[in-house]
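Me: I would like to learn how to read packing features in a model. Can we go through one together, step by step?

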Amino acid sequence: MKISKYFYFTSKSVSQEDEAISYKLMLRAGMLLKHGAGLYSYLPMAQKALEKVKRVIREELDRDGNVELLMPFVQPAALWKESGRWEDMGPEMARFKDRKKNDYALSPTHEEVITDVFRSQAKSYKDLPISLYQIATKFRDEPRPRFGLLRGREFIMKDGYSFHETQECLQKTYDAYFKAYCRIVERLGLKYRVVQADTGNMGGSMSHEFHVLAERGEDEILFCDAIGLAANAEMAPLPKNAHFTKSNGTGGGVEKVGTPGATKLEDLERTLKVSMVDMIKSVAYELVVPGVGESRPVVVFIRGDLPVSETKLKKYLDRGELRPLSVDTAKKFGLTLGFMGPSNSPKTGVIYLFDHSLSQPGKFWVSGANETDFHFKNFQEGRDFQVHESKDLALAKKGDRCDETNVYESARGIEIGHIFQLGKKYTEAMKVSLHGSDGKPMVPTMGCYGIGVSRLMASAIEQNNDERGMIWPKAIAPYQVHLICSNMKNDAIRQAAEAFYGELGEMGFEVLFDDRELQFGAKITDAELCGMPIIVVIGNAFASSGQFEVIIRQGLIKQQLGKEATVSLLKSTLL
């Protein structure tokens with residue numbers, strides 16, 4: 001492609017100071033145009049990279065027998081009401097009414113539609129397993145779209161779904177998808193980690209996230225290579241003794257002390273001269289379960305300096321929405337905000353949970369006395385309060401124990417893929433029934449497999465860039481070679497460049513040929529910004545000695561090579 005005939009406009013700088021480096025570089029390189037918050041046009045160079053990502057995905061999925069289809073972007077509310085998710089999805093799902101006042105939504109995901117597709121065609125266990133996927137546009141009304149393609153509202157995604165007679169059959173497809181995703185990311189030349197993850201509102205019993213490692217990744221990944229464990233920070237498991245500490249208590253019996261106005265742990269530190277590691281913190285929520293009506297308080301007791309992982313808490317509670325406990329609800333259930341503790345607490349209608357960190361018989365604590373302006377000192381588990389069954393509810397962090405002898409390390413990651421074992425959540429809710437192998441009706445079990453196409457492209461830039469611009473991995477570079485004619489007014493140089501451009505095309509190389517009548521400095525700056533794997537300059541060195549200047553974009557390694565040596569290098573590097 002000759003740049004003189006291309007839709008190609010670059011900029012020296014952009015004003016997106018707080019955005020991701022991928023977004024800023026794509027704007028500078030003329031690859032994206034923003035129309036609104038989280039809404040973009042993919043300009044020609046971005047479109048070429050996207051198509052290459054799609055090709056790799058299709059090749060790896062098709063080799064495992066997955067079959068591609070295409071489902072509607074606009075979905076009827078009736079399907080979502082069948083599954084029970086019409087209300088659960090919340091404001092992220094964009095809803096509207098058509099001219100007949102029927103409810104519809106712009107697709108945030110396709111579990112309901114694919115289940116409808118499946119039940120309309122499959123009739124028997126003999127039709128199983130079935131594994132279908134699509135590459136399509138999604139829309140989620142993010143409350144704060146940011147980081148360009150990494151957190152947009154409209155995005156391109158590959159979502160796949162499988163249906164099975166047995167859990168064993170589902171596990172085989174899940175494992176095959178796991179390996180296929182690893183192959184996809186490896187073919188794209190990206191460094192990544194796979195982590196245990198939360199199933200969220202997708203439901204199901206098991207899920208894994210695939211993260212491309214990047215300094216500005218949104219997610220913190222905790223890993224313990226010694227035991228082969230990696231997880232999203234919100235889900236990283238902690239052993240029961242991960243936060244056990246010695247007590248600084250003075251011993252003796254429990255003591256009730258006045259603490260007027262000390263509703264915060266910082267107040268107690270000053271008043272009682274006690275560290276937060278020796279305090280019991282109460283974190284209170286309201287659990288709202290759709291269709292049940294009245295909400296219930298949930299109180300988590302945890303060591304004072306530890307944050308609660310709301311992801312772990314939601315997973316334990318299984319369903320419903322968590323909100324901060326309101327003053328009115330606290331009064332209704334007899335809870336004393338700021339002074340709650342595990343002794344003499346109201347029992348009716350309140351869910352109490354204990355984190356592992358409190359299961360330390362013999363340790364002395366400071367705890368709320370469930371009475372305004374009072375706390376307990378020398379408060380001891382087993383004597384003054386009971387932990388009947390502790391839970392892993394703390395948010396893990398770097399340096400926490402992952403087992404008896406090892407600790408977690410951390411990295412930042414961009415989630416680019418997520419696979420789930422959905423079980424029968426959707427097939428049961430939408431009354432899918434097949435003729436089973438035993439002659440009786442059976443409900444199939446499902447898997448779900450998503451990978452972000454546009455996010456993968458942006459993640460590749462996040463991981464591969466320098467102060468001059470992008471450095472595309474060769475598998476998804478819009479073009480393999482960026483050919484520059486340094487002086488279009490010099491007939492010999494121009495003719496040599498045009499001839500080499502034609503020869504490379506005949507050899508099967510994808511070439512972006514800068515044939516503009518611009519200064520060489522502007523051309524090389526654009527070439528370094530756009531980041532094709534190899535830059536070839538035909539200029540003064542060719543006029544004097546027949547040499548091409550060949551630049552490997554990764555590291556900007558420069559060589560003076562003759563034509564044959566240049567072609568040999570291109571073939572060995574790119575083909």
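**Strands, rings and contacts**

Reply: Start with strand pairing. Strand β11 and strand β21 (residues 409–423) run antiparallel and are joined by 5 bridges. Keep in mind that this is a predicted model.

Me: Which residue of β21 is the bridge partner of D219?

Reply: G413 is the partner of D219 there.

Me: With which other strand does β11 pair in the antiparallel sense, and over how many bridges?

Reply: With strand β12 (residues 229–232), over 4 bridges. Within that pairing, F223 has A230 as its bridge partner in β12. The two strands, β11 and β12, form a hairpin with 4 residues between them. Look at G228 in the turn: its phi is positive, about 70 degrees.

Me: Why is β11 described as largely enclosed by the rest of the structure?

Reply: Count the buried residues. Strand β11 spans residues 219–224, and 5 of its 6 residues are buried, so the rest of the structure largely encloses it.

Me: How should I think about side chains along a strand in general?

Reply: In a regular strand, side chains alternate between the two faces of the sheet. Now take a single strand residue. H211 lies in strand β10 (residues 206–213).

Me: Is H211 buried or exposed?

Reply: Buried. The cut-off is under 20% relative accessible area, and H211 has 0% relative accessibility, so it counts as buried.

Me: What does the side chain of H211 reach?

Reply: One polar contact is with the side chain of E209, at 2.7 Å. The H211 side chain also reaches the backbone nitrogen of E415, at 3.4 Å. Then widen the view to contacts beyond four places in sequence. For H211 these include D219, G413 and E415. D219 and G413 are also the bridge partners from β11 and β21.

Me: Where does M446 lie?

Reply: In strand β24 (residues 445–452). M446 is buried, because its relative accessible area is 0%. Next, compare sequence with space. M446 and F163 are 283 residues apart in sequence, yet their C-alpha atoms are 4.7 Å apart. Beyond its neighbours within four places in sequence, M446 is in contact with several residues, among them I114, Y161, F163, L422 and Y426.

Me: How is a pair of aromatic rings described?

Reply: By the distance of the centres and the angle of the planes. A search of the whole structure finds 19 aromatic pairs. One of them is F118 with F163, which is stacked, at 3.9 Å centre to centre and 0 degrees between the planes. This pair links distant parts of the chain: F118 is in helix α5 (residues 111–121), F163 is in strand β8 (residues 154–164), and they are 45 residues apart. F118 is buried, with a relative accessible area of 3%. F163 is buried too, at 0%.

Me: Why do the rings of F379 and F385 count as stacked?

Reply: Planes under 30 degrees apart count as stacked. The planes of F379 and F385 are at 15 degrees, with the centres 4.9 Å apart, so this pair is stacked. F379 is buried, at 1% relative accessibility. F385 is buried at 3%.

Me: Which residues form one aromatic cluster?

Reply: Y174, Y177, F178, Y181, F210 and Y449.

Me: What sits over the ring of W86?

Reply: The charged end of R95, 4.7 Å from the ring centre. For W365, look at K363: it lies over the ring face, at 4.7 Å from the centre.

How values were computed. Residues are numbered from 1 along each chain as its sequence is written. This is a predicted model: local features need pLDDT of at least 70, side-chain atom pairs count only at pLDDT 80 or more; totals for chains, interfaces and linings use all residues. Side-chain values use heavy atoms; hydrogens and water are left out. Buried means under 20% relative accessible area, exposed over 50%, partly exposed in between (1.4 Å probe, protein chains only). A polar contact is a pair of N or O atoms within 3.5 Å; within protein, one must be able to donate a hydrogen and the other to accept it, and residues adjacent in sequence count only if both atoms are side-chain atoms. Contact means heavy atoms within 4.5 Å. Rings of Phe, Tyr and Trp (its six-membered ring) pair if their centres lie within 6.5 Å; planes under 30 degrees apart count as stacked, over 60 as edge-to-face and the rest as tilted. A charge sits over a ring if NZ of Lys or CZ of Arg is within 6 Å of the ring centre and within 35 degrees of the ring normal. Two strands pair if DSSP finds at least two bridges between them.
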